[in-house]
Amino acid sequence: MASIATFALILCVLFVNTQSSDLNVGTSLNSELLYLEAVQLSSIPLKTRTKNVFYNNSTSTKIIKGITAIDLARSEAKATITAGGVGSTFANIRLKSVRGSGLNYQIQIFG
Ligand SMILES: *[C@@H]1O[C@H](CO)[C@@H](O)[C@H](O)[C@H]1NC(C)=O
C-alpha cells in the first residue's frame with residue numbers, strides 16, 4: 001500500500017513540474033548570487049515574445065552551481081538553457097512566451 005502511495009506522489013510531483021514554466025537546475029545551497037535579472041516584456045496580440053538572457057562575468061571564474069528562472073506571471077511560457085549553465089562560467093537562458101502573452105521572469109544565477 002505504501003508503495004502505491006509513493007508512486008502516486010511521484011506522479012503528482014511530475015505532473016506539477018511539467019505544468020510549471022519555472023526553470024530550476026542545480027542548487028543555490030552554499031553558493032552566492034552571481035547574477036539577478038528581472039525580465040519584463042509586454043504582450044503583443046498574436047505574437048510570441050522571446051528574450052535571451054546572457055550571463056558572463058569576465059572578472060570572475062566562478063563555476064555556476066544553480067540557475068532558476070521563475071515565471072512570476074504563472075504563464076505557459078518556456079525557459080530553457082541554450083548555452084553554458086551549471087558547470088560553466090557562463091549561461092544563456094532563452095525565455096519564450098506563448099502567443100499573445102508577455103514575459104515576467106526573475107532570473108537568478110548562483111555560483
Ligand atoms: C563579476 O565578478 C566580480 C568578482 O566576483 C564581482 O565583484 C562583480 O560584481 C561581477 N560583475 C558583474 C557584472 O556581475
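I count a residue as near the ligand if one of its heavy atoms lies within 4 Å of it. I note at the outset that this is a predicted model.

**Entry: ligand**

I looked up what surrounds the ligand and found Leu34, Asn57, Thr59 and Ser60. By class, I list one nonpolar residue, three polar residues and no charged ones in this shell. For Asn57, I checked the side chain: one of its N or O atoms is 2.3 Å from an oxygen atom of the ligand. I then looked up the cover: on its own the ligand has 360 Å² of accessible area, and the protein covers 34% of that.

**Entry: aromatic pairs**

How many aromatic pairs are there? I get two.

I took Tyr35 and Tyr55 to begin with. Their rings are 5.3 Å apart centre to centre, with 45° between the planes, and I record the pair as tilted. I call it tilted because planes under 30 degrees apart would count as stacked and planes over 60 as edge-to-face. I placed Tyr35 in strand β2 (residues 33–41) and Tyr55 in strand β3 (residues 50–56); the two are 20 residues apart, and the pair links distant parts of the chain.

Is Tyr55 buried or exposed? I find Tyr55 buried, at a relative accessible area of 4%. Tyr35, at 23% relative accessibility, I enter as partly exposed, because the limit for buried is under 20%.

I went on to Phe54 and Phe90. This pair is also entered as tilted, with 6.3 Å between the centres and 45° between the planes. Phe54 belongs to strand β3 and Phe90 to strand β6 (residues 90–96), so I note that the pair ties together parts 36 residues apart in sequence. I looked up the accessibility of both rings' residues: Phe54 is partly exposed at 47%, and Phe90 is partly exposed at 32%.

**Entry: nonpolar core**

I looked up the largest nonpolar core and found 17 residues in it. Which of its residues touch the most other members? I wrote down Ile64, Ile67, Ile93, Leu95, Tyr105, Ile107 and Ile109.

I then checked which strands feed this core. At least two residues come from each of β2, β3, β4 (66–71), β6 and β7 (103–110). I find that β7 gives the largest share, four residues.

**Entry: cross-check**

I went back to the strands named for the aromatic pairs. Strand β3 holds Tyr55 and also Phe54, and β3 is among the strands that supply at least two residues of the core.

Key. Residues are numbered from 1 along each chain as its sequence is written. This is a predicted model: local features need pLDDT of at least 70, side-chain atom pairs count only at pLDDT 80 or more; totals for chains, interfaces and linings use all residues. Side-chain values use heavy atoms; hydrogens and water are left out. A polar contact is a pair of N or O atoms within 3.5 Å; within protein, one must be able to donate a hydrogen and the other to accept it, and residues adjacent in sequence count only if both atoms are side-chain atoms. Accessible areas come from the Shrake-Rupley method with a 1.4 Å probe; for residues, only the protein chains shown count as cover. Ala, Val, Leu, Ile, Met, Phe, Trp, Tyr, Cys and Pro count as nonpolar, Asp, Glu, Lys and Arg as charged, and the others, Gly among them, as polar. Rings of Phe, Tyr and Trp (its six-membered ring) pair if their centres lie within 6.5 Å; planes under 30 degrees apart count as stacked, over 60 as edge-to-face and the rest as tilted. Buried means under 20% relative accessible area, exposed over 50%, partly exposed in between (1.4 Å probe, protein chains only). A nonpolar core is a set of buried Ala, Val, Leu, Ile, Met, Phe, Trp, Tyr and Cys residues joined through side-chain atoms within 4.5 Å.
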